[in-house]
Each structure stands twice: as structure tokens, then as C-alpha cells.
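Work through the exercises below with the coordinates open, and compare each of your results with the solution that follows it.

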Amino acid sequence: MDDAASAQPARLRQRIIRATEALIVFSLLMYAVFAPHSIAITQGSFLLGLSAWAVQLFCSRNVRSLRSPLDIAILGFFACCVVSSFFSYDPMVSLKGLKSPAFFLAFYFVSKKVSSLRLAIVMAGLIVASSMVGVAYSAGQLAVGRGLRIESISPESVLARQNLKVGDVILEVDGQKVKTAEDISRIVDSQRGRVRIRFSRGETIGEVTVSRRAIRRSPGVGVERLGIATNPGRSFRVSGFYSHYETYAEVLQLIAALAFGLWVALPTKRSAMGFLLIGALALLIPTLFLTSTRAAMGGLAAGAAVISVASFQRRTLLITALGLLVLAPLAFLSVERFRGISFVDPKEGSTAYRLEVWQEALGMMKDHPLIGIGKGSEAKAELKEQFGLYDGGRLPPGHFHSSPIQIATWWGLPALVFYFSMMTIILTRSWSLAKALRARNQTKAWGLVLGGMGAVTAFNVSSVFHFNFGDGEVVMMFWLLTGLVFAAGRLAAEPSNEQSTHSQPPSSPDSSGRNRRRAQEEAVESSVRAAGVTQR
């Protein structure tokens, strides 16, 4: 009787663990599917799985301490963020802002709860496949167009007198989006007062007001009164399902790096999977160009270069080099086409803005080196006045457009040291793991690690010019891919997940040759375990 009573809690714990494990797998799959599109569903899926994992830990009481160098770097960075928030110029804003750095928990969730290499591969495939939906949506946006591009304008037109020019794109009239010239004519006739026209000229958004009476009295009827010829505007930077093109570009570069790494590791490139991955890259890269985001393009190029070097394959190195030589001019042309600027121009608006705010940030770092000013505190009037932020108010307020600079300014130089340590450890571990997995011919895990390493490289290169670590959509994808890398390392080190190794035929029948090969295999296995088991 006592034995039956004591067995009931154990059975209950087992049922809870089985139920939560199913919930965790569901949340991981949802995380992978929606990470390329929706921050709300992505974070919701992660939090659901994290809650289920917390229930498991409570039931099993199997909580292990985090003591690896990477754990120390991650937790040290977050501790700096917490301390800085309490001593911030605006503590309430800074404490609320801890949500973004706290999503490092997604790394531990993915790296520890992906239970099989098959699940990891399925998640990677879902990420790439799901991104095609955003690519298709972006293509649809371009096909439909956005606003009305002025193709010609009569010198007598009332609009020409308000400095509207050929090439300008009319976005809104009296706060209403317009798709045809008839829309403009209808709005002119249906409202009162001056007509407000919002337009884009290159990257600049402007607004002019025009006399409604003057338009109505112009020669002709309907759209003839406007004195313009228009077509749908298609010179805009695509943003997928996100609200901003830079966010979309950052996510695209990570997914493209993952797809390239998976392709490089394929034993047979001329296979169905090989063609699917090449097809995905053939769509992802042009879509990235259509965002016209220079830092993300450079980041992907760096990520692809690292993947090709880490592959230790001359053919891959050659293909990557040729690909970059062909794609570089196309990247330059896309920037000139959609933004009207050269790829590198220190006097161009966004570059000049960065150079100005970076210099201002250095002044704040000098005065607040240890704990920074606290997240969001640059909006305080006293700081704006003290440091003459945003060129003394002549530039629009924003952030500092660089992850390292933003981290040091907000959370202090110790936080920056932990951040660099974290990224360095991730990259060095990934390199060691990729080398070991290649030697063991574990191609599936190797592809995941190559793709993740390329994504981390791309993330860090573009972070020099973008605050991508503070962009929720981007950082959730970053932790997802990084978690898959360490999950692959952990799973590859488990005997049940090892793939058969294709050993070379012996060069001689003597026992010394067999001993040497056995020693080599043991050394490789030790490397895999050292790279992968650390995060168990």
C-alpha cells in the first residue's frame, strides 16, 4: 500500500514531463516557423516553451549550475545591464528595457531542449522554407507598387510650383494612401483647405501643401488638372512582414548564411536538397539587395567567406570568391538604384549621421565608463544639453546605430568586454566544432554549425553599423541559430546520434598504422565533446 502511494507522485511527474516535452517541441517548431516574420508569435512561442521547461526543472529538480566561460560571459553581460539600469538617469525606462538582453534565455532553451539532431535539422529547414513566404510577399509588394512615381510634370502644373520633381514618389494625400492619379483627383474634390502631399525623394520624406482652389481651377478635368504623369512607385526598400527594411535585411542575412552553410556541408550538391538550398539562396540574396542595406550585405559576404574557409574545400572557396565578385557590383547598383547614393560615401546622410552620433557617444563613454548612462537615458533633456546630442538638436533623435557603441554607452565598458567575450567564445567554439564534425563526416551537424557560424559572423559585421543586438526580431533569430549550433555539438557528442564515419583504407597492414588511425579518431572525438558538451 505504501509502495503504491509513493509511486503515484513519480507517475504524476512522468506524465507532466511527457506533456511538457511535447509542448516544448511544439514551441521550438513554432519558434522556427515564425522567427522570419513575427516578433509577437516568435517571443510567445519561446515563452511558452520556456515555461514548460521551468515546470520540468521544478518536477525533476535537475538544475545544473552554469560555469562555462560562455555562461560567465553571458551572465556577466546581463548583470552589467541590470546594475546599469538601477543607476540609470531614467531607471524606470532602463529597467523596462532589460527585456531585450534577457532573451539570452532563448539560447539556453534551444541549445538544451532540442532533443535530437533530426529535430535540429527540421528546425533549420523550417527557418529557410518559412523565409520564402516573406520573399514572396516582398515580390508582391514590388509588383503592386507603393505610392505614385512622377514620370513627368508640366511646368504649368500647380504641383511643380511646390518643388515636386520627376522621380518623386507621392505616398499620401491628406493622410490617405494613393495608388492612382484618380485617387489624388478624388481627394482634391472631396476635402477642404490646402492639400497636404507627403512624398519621398530618395531616402528623404517630405511634405508640401498645395492650394486646393488652384488645382480645381487648373485647365482640364479630373487628373488633367494635376499636370503630371505617374506610374506605381517601385523604388522602395522591401521590408517583408516587418515594419522596417533594416530589420528585414538583418534577418535575411542570418537565414542566407544558414542556407549556405547547409549547402556547403551536403555530400551531394546535385541532390534535391542541394537544388532547394541553392534555389532559396537565389531568392534570399536578391531580396536582401532589395532592402538596399549595406551593412547586411557586407555581413553576409563576411559570413559566406568564413563558411568557405571553415569548409577546408578549395572548390567551395573558389565558388564563394567568384560569387562575391559577381554579386558585389549588383549590390552597389541596388544601393544606387533604390537609395540614390554610392555604396561608400562619408558625406551621405545616414553615414554622416552615424559619424556624428558616434563622436557624441564617445563623450558619454568617457564620463560614464563603468555603468553607462542606462538604456533610453539619452532622451533625457539634461543629457541632450550636456553632450549636445544629435548635433545640438539639428539631427533627428534616435540611437547610436552600432551595437558595440550602444552597449558601451548604455551599459558601460565592462558590459562591452563581456559582450565581445561572448561573441569570441561562440565563434571559436563553432570553429572547433565545425572542424571536428567535418573530420568525423557528420555532415548534418556540420552544416548546422557552418551555417550558424556564418550567421554569427554576419551579425557581428553588420553590428558595427546597426544596433542589431537591440532589435528584438534580429536577436531572437540570432539566439535561435546560435542555440542550434550548440545543440548540434551536444547531440553529435552523444553516441546514439553519431553517424557512421567513412574511414580511409589503410595504407599498410601493420598494427602501427591501425594504432595511429585509432589515436586520430579518439582525438577527433575528444574535440567534438570539448566543443559540444560544454553547454549541456
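**Exercise 1.** Determine whether Met 92 is buried or exposed, and name the helix that holds Met 92.

Solution. Met 92 has a relative accessible area of 55%, and the classes are buried under 20%, exposed over 50% and partly exposed in between, with a 1.4 Å probe and protein chains only. Met 92 is therefore exposed. Its place is in helix H4, where helices are DSSP runs of H or I with at least four residues, and strands are runs of E with at least two, numbered from the N terminus. The model is a predicted one, in which local features need pLDDT of at least 70 and side-chain atom pairs count only at pLDDT 80 or more, while totals for chains, interfaces and linings use all residues. Residues are numbered from 1 along each chain as its sequence is written, and side-chain values use heavy atoms, with hydrogens and water left out.

**Exercise 2.** Find which residues make the nonpolar surface patch that includes Met 92, and which helices each supply at least two of them.

Solution. Patch residues have over 30% relative accessible area and no salt bridge (a side-chain nitrogen of Lys or Arg within 4 Å of a carboxyl oxygen of Asp or Glu); like charges are joined within 9 Å, and nonpolar side chains (Val, Leu, Ile, Met, Phe, Trp, Tyr) within 5 Å. Areas come from the Shrake-Rupley method with a 1.4 Å probe, and for residues only the protein chains shown count as cover. The resulting patch joins Met 92 with Val 83, Phe 86, Phe 87, Leu 95, Leu 370 and Ile 371, and covers about 720 Å². Helix H3 (69-86) and helix H4 (91-96) each supply at least two of its residues.

**Exercise 3.** Count the disulfides in the whole structure, and explain why Cys 80 is not bonded to the closest cysteine sulfur.

Solution. A disulfide is a covalent bond between the sulfur atoms of two cysteines. The criterion is a pair of cysteine sulfur atoms within 2.5 Å, and the search of the whole structure finds 0. For Cys 80, the closest cysteine sulfur belongs to Cys 81 at 6.9 Å, which is too far for a bond. Cys 80 counts as buried at 15% relative accessibility, and Cys 59 likewise counts as buried, at 13%.

**Exercise 4.** Classify Ala 321 by its relative accessibility, and give the separation of its C-alpha atom from that of Ala 301.

Solution. Ala 321, found in helix H12 (residues 314-339), counts as partly exposed at 37% relative accessibility. Its C-alpha atom is separated by 9.7 Å from that of Ala 301, which lies 20 residues apart along the chain.
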